[in-house]
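Welcome, and please open the structure in your viewer. We will go from one selection to the next and say what is there.

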Amino acid sequence: MRCLHRLVKSIVLVKEALLILGSKTQGRTGKMVRRTVDLRSDTVTKPTETMRVAMANAEVDDDVLGADPTAHRFESEMAKIMGKEAALFVPSGTMANLISVMVHCEVRGSEVILGDNCHIHVYENGGISTIGGVHPRTLKNKSDGTMDIAEIEAAIRHPDGELYFPSTRLICLENTHANCGGRCISVEYTDKIGEIAKQHGLKLHIDGARIFNASIALGVPVHRLVQAADSVSVCLSKGLGAPVGSVIVGSRSFITKAKRLRKTLGGGMRQVGVLCAAAHVALRENLEKLEEDHQRAKILADGLNQIKQLSVNMTSTETNMVYFNILESSCISPEKICEVLEEHGVLAMPASATSVRLVLHHQISESDVHYALTCIKQAVDQITAGSTK
Ligand code: TLP
């Protein structure tokens, strides 16, 4: 059995070597690359053959008129999986969060408590303020993606002050927390925040763009993980691999309001069943693959830690994201290493002045991970030697 295992492994390695030595294709920069390993994000996946067939054959009608059967089926399925009364398909995670915050904060002068490093605050063009008129009260995100519970309680405004102060109406969490390394927020913490929200008559929204990653990594069913939340936004076009879309889940009355806002924001789409059909396939076929992404992320993180000039915090590599830090003394900038990697067909994103983000998804194989590691090692050596050709 062991011999067989070794033989299979050798065949894989030979195939791998042939691939590396083999034919070149055109990369993003127009240069010839041996292969492309796109680790910029889990948003970069291409729809699979099954998804394309499902899209081609989707039974559709006008969803703005509420008549698209495929959208209905998909939304019902999502509501059931998430343990909420209703669901709504929307074009993006950004719109899902914006709609959710705006529904909870429909009274002007509302304030939301959220992490200073969360996606809603950092990457969504400040839409909750500019479009929603909602005031953000940011608290420091700890390195595990949570906010300090005492600080949350202290930040809730007393209703007596409403002549002067904005009124706290909502708390937002992000699970997994992308900027904190794809870390999982525990069910205990989520329940506690839900309890505090309830005590003060506030709502709890979870940006669950990668909530399935969290559920799998924590071993907690997703409906349980979000039980305390009044609304959750779930991205279908990240780890799940659907080409487009997010879903908002919540109570029936919440979703009725969300539907109206979706139309206001231009997110009502007509024969949207075409997109929902692909998302349904993603749910059926890719959910269980998230676990493999997490395992590959660990292999990647471990390999990066073997490279002298780089370091990864292994405890923060809980799901499909790997952030590596570059030692200051190495004089390698994240931009430079990404540029050199791109010449090898390995795509990555600088995350800060000293770190790079790599994200795993179902179209990254273990062999891709090893290839990426080889290229990263080579890039580090090249840059350190002063030759980047
Ligand atoms: N995140 C993208 C970038 O915007 C950074 C990525 O590549 O990770 N919530 C979270 C936690 C997200 O990570 C993202 C996208 C969104 C919301 C927004 O989703 P989309 O891109 O569909 O608007």
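**Stop one: a loop and a patch**

Start by selecting L163, which lies in the loop between α7 (149–155) and β7 (167–174). Helices (H or I, at least four residues) and strands (E, at least two) are DSSP runs, numbered from the N terminus. This is a predicted model, where local features need pLDDT of at least 70, side-chain atom pairs count only at pLDDT 80 or more, and totals for chains, interfaces and linings use all residues. Residues are numbered from 1 along each chain as its sequence is written, and side-chain values use heavy atoms, with hydrogens and water left out.

L163 counts as exposed because its relative accessibility is 73%; buried means under 20% relative accessible area, exposed over 50%, partly exposed in between (1.4 Å probe, protein chains only).

Now add Y164 and F165: with L163 they make a nonpolar surface patch of about 430 Å². Patches are made of residues with over 30% relative accessible area and no salt bridge, with like charges joined within 9 Å and nonpolar side chains (Val, Leu, Ile, Met, Phe, Trp, Tyr) within 5 Å. A salt bridge is a side-chain nitrogen of Lys or Arg within 4 Å of a carboxyl oxygen of Asp or Glu. Areas come from the Shrake-Rupley method with a 1.4 Å probe, and for residues only the protein chains shown count as cover.

**Stop two: strand β15**

Next, select residues 355–359, strand β15, where five of five residues are buried. One side holds S355, R357 and V359, the other V356 and L358.

Then show β12 (residues 321–326), antiparallel to β15 and joined to it by five bridges; strands pair if DSSP finds at least two bridges between them. Here M321 stands opposite V359.

Finally, select β14 (residues 349–350), which runs antiparallel to β15 with two bridges. M349 has R357 as its bridge partner, and a hairpin of four residues joins β14 to β15.
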